[in-house]
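I opened a fresh notebook page for this structure. Below is what I looked up, entry by entry.

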Amino acid sequence: MKEDGVEYTFIRMGYRGYGAAGKLVTDEAFEKNIQGATENGIQVGVYFFTQAINEEEAVEEANYVLEAIKGYDVTYPIVIDIEEVTDNGARTKDMTKEDWTKVCIAFCETIKEAGYTPMVYGNLKTFFIMLDMEQISMYDKWFAQYDTSVYFPYEFKIWQYSDSGSVNGISSAVDMNVSFYEPAN
């Protein structure tokens with residue numbers, strides 16, 4: 001990846017299952033990916049796909065991420081990935097905008113209190129329907145829109161413009177992003 005010009009990457013640390021139990025799961029490639037990136041001088045951020053249904057679960061997710069990244073030099077943000085799961089059995093199917101916003105804030109504040117930069121990942125639906133933008137205005141945004149004409153009337157630090165890119169060293173399609181984020185160190 002480094003030889004292909006990659007300067008930073010966001011690595012999926014894990015996710016919460018969308019079924020009733022809502023089990024926390026570490027991505028099977030997390031350790032290999034974060035070690036490989038940091039050993040090759042690529043700056044890293046991590047993200048967690050949330051299915052938290054309340055603030056307590058959001059804090060649990062944030063602490064799960066913080067525990068997993070101990071010992072790694074994470075210079076890019078720690079991101080809560082908020083997306084709708086449309087399966088009828090999704091534990092989040094009845095959540096309101098206020099519920100999602102509380103989950104987002106609880107995760108981000110836990111990350112911030114630990115000394116890291118929190119960030120919120122989402123698409124138009126996430127930011128316009130699922131979250132109250134006024135309440136999360138203080139957090140950096142990672143905006144996903146796969147179009148050359150970007151419509152997002154808020155500031156964002158990362159733009160994900162494709163989910164079908166290719167990078168040397170990775171055999172499957174990868175998300176492609178443009179970063180406007182400047183790490184503190």
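**Entry 1: Thr92**

I began with a side-chain pair: Thr92 and Gln51 are joined by a polar contact of 3.1 Å. The model is predicted, so I read each value as computed from that model. Next I asked where Thr92 lies. I found Thr92 in the loop between S4 and H3. Is Thr92 buried or exposed? Thr92 counts as buried, because its relative accessibility is 4% and the cut-off for buried is under 20%. I then listed its contacts, leaving aside neighbours within four places in sequence. Thr92 is in contact with Gln51, Ala52, Ile53 and Trp100.

**Entry 2: the second largest pocket**

Thr92 came up again when I looked at pockets, as one of the residues that line the second largest pocket. I noted a volume of about 160 Å³ for this pocket. Its lining also includes Glu84, Val85, Thr86 and Asp87. Further along the chain I noted Lys93, Met95, Lys97 and Trp100 in the lining. Lys125, Ile129 and Met130 line the pocket too. Which elements give two or more residues to this lining? They are H3 and helix H4, residues 124-130. H4 gives the most, with three residues. I also sorted the lining by class: five residues are nonpolar, two are polar and five are charged.

**Entry 3: helix H3**

I turned to H3, which has 17 residues. Does its length fall short of or agree with the expected span? It agrees, because 1.5 Å a residue gives 24 Å and the end C-alpha atoms are 24 Å apart. I wrote down the buried residues of H3 as Trp100, Thr101, Val103, Cys104, Ala106, Phe107, Cys108, Thr110 and Ile111. These buried residues pack against S3, H2, S4, strand S5 (118-122) and H4. Just after H3, I noted that Gly115 takes a positive phi of about 95 degrees.

**Entry 4: Ile136**

Two buried residues of H3, Thr101 and Cys104, turned up again among the contacts of Ile136. Ile136 is found in the loop between H4 and strand S6 (140-144). I count Ile136 as buried because its relative accessibility is 0%. Besides Thr101 and Cys104, Ile136 touches Ile105, Phe127, Leu131 and Lys141, not counting residues up to four places away in sequence. I also checked how far Ile136 is from Thr101. The two are 35 residues apart in sequence and 7.4 Å apart in space, C-alpha to C-alpha.

**Entry 5: Leu124**

I went back to H4 for Leu124, which is found in this helix. Leu124 is partly exposed, because its relative accessible area is 31% and that class runs between 20% and 50%. I left aside its neighbours within four places in sequence and listed the contacts of Leu124. They are Ile129, Phe143, Ala144, Gln145, Tyr151 and Phe152. Between Leu124 and Phe143 I noted 19 residues in sequence and 7.9 Å in space, C-alpha to C-alpha.

**Entry 6: helix H2**

Next came H2, residues 55-68. This helix has 14 residues and reaches 20 Å from its first C-alpha to its last, close to the 20 Å expected. What caps its N-terminal end? Asn54 does, with a side-chain oxygen 3.2 Å from the backbone nitrogen of Glu56. I listed the buried residues of H2 as Glu57, Ala58, Glu61, Ala62, Val65, Leu66 and Ala68. They pack against four strands and two helices, so I wrote the names out in full: S1 (8-16), S2 (24-26), H1 (30-39), S3 (43-49), S4 (74-81) and H3 (97-113).

**Entry 7: Val44 and Lys32**

From S3 I picked Val44, which lies in that strand. Val44 is buried because its relative accessible area is 0%. Not counting residues up to four places away in sequence, Val44 touches Thr9, Ile11, Ile34, Ala37, Thr38, Asp73, Val74, Thr75 and Tyr76. From H1 I picked Lys32. Lys32 counts as exposed, because its relative accessibility is 63%.

**Entry 8: Ser162**

I closed with Ser162, whose place is in strand S7, residues 158-165. Ser162 is buried, because its relative accessible area is 14%. I noted its contacts as Tyr146, Val174, Asp175 and Met176, not counting residues up to four places away in sequence.

Conventions. Residues are numbered from 1 along each chain as its sequence is written. This is a predicted model: local features need pLDDT of at least 70, side-chain atom pairs count only at pLDDT 80 or more; totals for chains, interfaces and linings use all residues. Side-chain values use heavy atoms; hydrogens and water are left out. The expected span of a helix is 1.5 Å times one less than its number of residues. Buried means under 20% relative accessible area, exposed over 50%, partly exposed in between (1.4 Å probe, protein chains only). Contact means heavy atoms within 4.5 Å. A polar contact is a pair of N or O atoms within 3.5 Å; within protein, one must be able to donate a hydrogen and the other to accept it, and residues adjacent in sequence count only if both atoms are side-chain atoms. On a 1 Å grid over the protein atoms alone, a cavity is a set of points where a 1.4 Å probe fits but cannot get out, and a pocket is an open set with protein on both sides within 12 Å along at least five of seven lines; lining residues have an atom within 4 Å of a point. Grid points are joined across faces, edges and corners, and a volume is the space filled by probe spheres set on the points. Ala, Val, Leu, Ile, Met, Phe, Trp, Tyr, Cys and Pro count as nonpolar, Asp, Glu, Lys and Arg as charged, and the others, Gly among them, as polar.
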